[in-house]
Every structure is written in C-alpha cells, then in structure tokens.
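Here are a few exercises to work through at your own pace. Have the sequence and the coordinates open, try each task, and then compare your steps with the solution.

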Amino acid sequence: MMLALVGMLLLQMGAATRAIHDYNVYHPYTEIDSWMTGILIDNPDIVSIERYGQTYEKRDINLLRIGERTGAMKKVAWMDCGIHAREWISPAFCQYFIKQILQEYRVHGSRMAAMMKEMDFYVTPVLNVDGYIYSWLNGTRLWRKNRSPGTGSCSCYGTDLNRNFNVTWGTIGVSTNCCSETYGGTAALSSPEAASVTRYLEQRKADVLLFLTIHSYGQLILVPYGNPNLTAPNYGQLMKVGLAAAAEMKKVHGMSYRVGTSPDILYPNSGSSRDWARLAGIPYSFTFELRDNGTFGFELPEEQIQPACEEAYSGAMHIINHVHREQFNAAVSVATASLLGVLLATCVTVANNAF
Amino acid sequence: MSPALMRVLRVVVLLSAVRGAPLATVTLPPVILEPVPLEPVPVPSEPVRVDSGADQNISIPINTEQQQQQQQVSLDVDVMLTGELNPNHYPARRAAQVVLHHLNTRYGSPYWWGALRQVHKATAEALGDSGRKYSLEVTLQDQISGTKETCTAEVVFPGGPAGGPPQVTTSYEGKSEINTQAQEEALYNQYNTSQNLLSGHNLPDSYGHVAPGMEPFWHLGGVASSFVMLKESSENTLYNMAQVVSVTQLATENNQLRFNYDVLLHEMVSQEIIHWKLLASWSPQEGVKASQMELLPKCHHCEPPQEH
C-alpha cells in the first residue's frame, strides 16, 4: 500500500519534471515524437497512439487518437498536419490543437467533454516525417515533398504528397517532371505516405465525418474539388460552413481568410488528400492554408505561432461543432419530430371524431 | 522485436528515467494499437501515367517559368475570363499582386514595403494581339507601418510569343505618411561609408526571425526582388519573396548605397523556389533600383550530408 502511494507520488513528480512543452516555438521531429509520448502518458484515459504507416525512409507515421473509450466504433474527425515539409506552422497547429482539446475536455460539463463521448479525434501531427526532418537540415528549409528518390533517368528526390492521392490523379495542376515541386509521383499512391492515409481511412470512411488537412501559407479555406470538372454534391453546404468558419477566424485577430474551391481562389490541382476524402464519401473535407499572406511565407515567425493557432483553432472548432451538431443533434431532432408527428395525428383524429 | 513491444519498452524506459522507482506498482497506460493487417487498397494494375514527352533531359534544371509551365500538366484553359471578375478569385488576385510589385519598384524603400490586402473590384478585357488588360481597385498595406491605402490600377499582360513583362499604371500618388524620410536619411548616412560594409544572410531565418538591425535590409531585399517579380509575372504566376539568402554591401557609387542580393522567390502556382541574384542600389532621393538580375539554376545535386 505504502509502495503504491510512493509509486504514484513519484509518477506525479516524474510528470512534473519532464520539460514543459513550449507551444510557441517550432520543434524538430524528435521533440514532437517525445511530446506525443508525453501526451499519451498524461492522458492515458482518452489518448492512444496508433502507427498507421511508414514513410519512404521507414519512419513511423503516427496519429493520436483522442476520445472516451466506449468499446464501440465511434464517429471520427480527422486532422493531419505537415504533409508539406516547409509548412512548419502546420505541425505547430496540430500540437496546439491537441493541447487545447485536452484542456477543454478536462473542464467538467464542457462541450468538448460531451463531444469526446460521441466522437474520436484522429490527429497526425506530422504526416511527411522524412520531408519535415529534411527541412530542418542546413540549406533545405524550403523542401516541400517527401524523400523518395527519383526513378528512371530522373535523379531528383521527392513526390508531392498532395498530388499523389487517387482522385483524378495526374490530370491538372501537377508536373510529370520529378524535379518539380508538384511532381505527382510515378502513379497514384506511389508514395508510402499517401498510401498509408488511404489504406487506413478506406476501412473506416463510413465513420469519418470530417477531414481537415493543414497547410500554409495563403490564409485560405479550400473546399473540394481541386479539379474544376468535379463538383462536390454538398458544395453549397461546404461553402456555408467554410465562410462561417472564416468569419469566426477573423474575430480572433482580424485576419481575413478567403474561402472557395482551389480552382476558384488559388489554382486547379489533382490528387489532393482533401479531394480523395470527399470522393471517398467523407462529407466535410477542407484544406486550411494558415498564415501569412507572403510577408514571411513559410518562415512564419515564432511570435506568430500562438495567434495563428488561436484563429485556426476557432475556425476548426466551428466546423467540428457544426459537424457534431448535425450528426448527433439530428438524431435528437428526428426523435422529437416523430413524437410531434404522433401527437399531431392524435389531435387531428380526435378533432375529426369530434365533428 | 515487434514495433509494439519497442514502444512499450520505450514508455517503460521513459517512466523509469523520470521516476527511478520500481514499476511493479504502476499500471502502464495502453500504448500502441497496431492496426489489423488489411487488404491493400487496390491501385490500378497499369500505373496511370501521363505521357508528357517533356520527361527527357531531366538533369537540366528548371530554368525559366516558361519551361515550368510546359511541364505542368494542365487542361487547356483557352477561355480566359473577361468582363466583371470575382475579386476573391485567382485571376484578379494575380493581377493585383503585379500591381504591388510595380508599386514597390516605384515607392519601396528600407522603410516602405507594400503588400496586397484586398481586391475590391476587377474587370478583364482582351486586347486582341496586344494581350489582356485588367482594371482593378485594390487595398494595399505597408508591411512595416501597417498603413493601408486604396487605389485603382491597370495591368496589361502582353500577348504574342514574345510576351514581355506586364505594364502597370496606377492612381497611387505616393506614400501618405512622410515620416519614413528621417529614418531613410539616418540609415543612408549610417551605411554611406567604406568601413564595415554590411553583410547578412538568411533573412528571415528558419524560425521567421530577422535581427532588428537587419530588418531594413530584409525590406530592401523584398523591394529589390519586386523588380524581378514584376518582370517575371504573368497571368499564370503569383510571386512572393521567400527569403534573402545573403546581402553584401558594395562601395557606394554615384551616391547610391549598393548591395549584392541573393534571394529565393516563391512562385505559388508552380510552388517552385526560384533563386535570383541582383544588384540593388538605393538612396532616399533616388529610391530603389535593381540591376544585373540573374537567374540561378535550381541545385538538384547539392544534397547535404545525411544526418545521423
């Protein structure tokens, strides 16, 4: 008994002596990896780590699964960061997001506490691990792609992971030159990173409500599809929710985010993860392009990490709240409507009988 | 050893390290869930290849934006929009960005560096062989002081195979605030010397930092880059300066401070990072001029040593 008490005390102390993670600086991958383990240790009741793939250089691709364990398969909100190596604010946002939702969950009676009973958050802090690590080396800060080698006569490295998904692959806004930043790969899903996401979500897609993929820069919320020949069946709804999210984001620090399909507000493209998710049937799929507008571009100052994350969080939460409300309160509404219907029918019958 | 076991052991080691206590009393939290091995997602047995024909000569670095565009697989967008344009859509935004490059070449300095904030109105018309003309109303912002101004502008993208840089005219009459003059004079006087010529690199650095003393030279790099970005712009590009790789001051000549700049430009549509060298000269009276602009090849074979 005494030993157990001592053990628990030492565990608490151990947790306290582990260095506090600074969410206002950029972290190399090893630190993000350690942080993930720390999140797991600090929140064993609702966090697990799932390895769902490997990069070209054989590193693990991990996600944090966050939600109350009910034993049943729950609805899922997916977020991935760091698909493009140089967009450092993106993994920083995933770290911030996880910290925030855990903090809110611990508040008794909070909306997040209720949501975590009904939904799981699957968050990948760094998807393109090899590329991210490469962008921390001397002289390669602006690397974008993964680190698979060129094939055939092409000696350049890297496939653009966001042109490699199996949705109108290779058709528009993509290069066939393996030295290009938008090289789409030798075939759809030729990259192990894109293949991992696809394989993992294919099996679960019926339960995925939301797919959010985080990029920078440009201050945009992009809705499917990147190929101008495709229109999402719920385009109107996606725009409505996206515009509302952008309005929420502007309230935080006054930053404007434009909303639209990529072919409208940025450029057409094919093979993106956002497009694949929508085509796979995930109803809400968005790309966030975070700060800034080109002043610092990919090298957003660390002083801006917090405000950028705060506004992005408010936008993401608006969408998450909407999706959650639509899915779970709708069930309540249906039940209520049925009850009202029965009551009405009864009244009419009574009325009819009375006359 | 299976990865799952490795993970558990790692957690165990971590716990031991921070607690130094026997583990017998502690229940480990659940760790890695290895997904059940699944059927791989079927991919087409014939890999979908797009025959581009431009795949030969891959070792030639991508030198020009023109070559970039040839190698981009794209639907033939013959129908360019004319008439009233949606100001939030990319055609208006790209044309508006060109306006900003132009304004920076005219009015930019170490203490004034304009950026596009909003497009209010935009129309486009075809000029036959002469190209296409955009008429715009935009709000721009000085990235240093934050001051905003609205102006109208016209951008003509020349037609024909020769192409050529866009031509811009605006209603902008100059910076409304004049207090940059004192700062500019002070900076000019400070560096108008043959001693301790300035040099710097990586502005901003990987973490987005620029030392306070170097900020004017980061701004100057951005303004000087505008000369390149302006001449390189088309309806298919959107340029920003990504980073000043290096800046080296040369001796003053004809009362102009002079700096060799090595810059990286980010072209949004192709997502390419394009390396340019240029010579920037500046004085408060003459403003900024750029010359000896030279495109450097993309370095494919300068792989840094493997980290371990």
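**Exercise 1: Counting the disulfides**

How many disulfides does the structure hold over all chains?

Solution. Keep in mind that this is a predicted model. Look for cysteine sulfur atoms within 2.5 Å of each other. The search gives three disulfides over all chains. Now take the pairs in turn. C81(A) is bonded to C94(A), with 2.0 Å between the sulfur atoms. C154(A) pairs with C178(A) at 1.8 Å, and C156(A) with C179(A) at 2.0 Å. Finally, number the bonded cysteines of chain A in sequence order: the pairing reads 1-2, 3-5, 4-6.

**Exercise 2: Handedness**

For each disulfide, work out whether the link is right-handed or left-handed.

Solution. Start with C81(A) and C94(A): the torsion about their S-S bond is about 85°, so this disulfide is right-handed. Next, the link of C154(A) and C178(A) has -90° about the S-S bond and is left-handed. Last, C156(A) and C179(A) show a torsion of about 80°, so their disulfide is right-handed.

**Exercise 3: What the links tie together**

Place the disulfide partners in the secondary structure of chain A, which has ten helices and nine strands.

Solution. Begin again with the disulfide of C81(A) and C94(A), whose sulfur atoms are 2.0 Å apart. C81(A) sits in strand 3 (residues 75-81) and C94(A) in helix 3 (residues 89-105), 13 residues apart. Both C81(A) and C94(A) are buried.

Move on to the left-handed link of C154(A) and C178(A). C154(A) is in the loop between helix 5 (129-135) and strand 5 (174-175), and C178(A) is in the loop between strand 5 and helix 6 (192-202), so the pair ties together parts that are 24 residues apart in sequence. To judge burial, compare with the limit of under 20% relative accessible area. At 6%, C154(A) counts as buried, and C178(A), at 4%, does too.

Then take the disulfide that joins C156(A) to C179(A). C156(A) lies in the loop between helix 5 and strand 5 and C179(A) in the loop between strand 5 and helix 6, so this pair connects parts 23 residues apart in sequence. C156(A) and C179(A) are both buried.

One cysteine remains to be checked here: C309(A) is in no disulfide, and the nearest cysteine sulfur, that of C81(A), is 8.8 Å away. C309(A) is buried, with 0% relative accessibility.

**Exercise 4: Two residues of chain B**

Is N240(B) buried or exposed, and which residues does it contact?

Solution. First locate N240(B) in strand 8 (residues 239-253) of chain B. Its relative accessible area is 10%, so N240(B) is buried. Beyond its neighbours within four places in sequence, N240(B) is in contact with Y217(A), N293(A) and G294(A) from chain A, and with Q97(B), M229(B), L265(B) and H266(B) from chain B. With Y217(A) there is also a polar contact between the two side chains, at 3.2 Å.

Now set S291(B) beside it. S291(B) belongs to strand 11 (residues 287-296) of chain B. With 32% relative accessibility, S291(B) counts as partly exposed. Leaving out residues up to four places away in sequence, S291(B) touches L278(B) and L279(B).

**Exercise 5: Chain A as a whole**

What share of the residues in chain A is buried?

Solution. Buried residues make up 62% of the 355 residues. For the surface, chain A exposes about 12,700 Å², with carbon and sulfur atoms supplying 60% of it.

Technical notes:
Residues numbered from 1 in each chain as written. Chains lettered and ligands numbered in written order. Predicted model: local features only at pLDDT ≥ 70, side-chain atom pairs only at ≥ 80, totals over all residues. Heavy atoms only, no water. Helix = DSSP H or I, 4+ residues; strand = E, 2+ residues; numbered from the N terminus. Buried < 20%, exposed > 50% of the residue type's maximum accessible area, 1.4 Å probe, protein only. Areas by Shrake-Rupley, 256 points an atom, 1.4 Å probe, with all protein chains shown as cover. Contact = heavy atoms within 4.5 Å. Polar contact = N/O pair within 3.5 Å; in protein donor to acceptor, adjacent residues only side chain to side chain.
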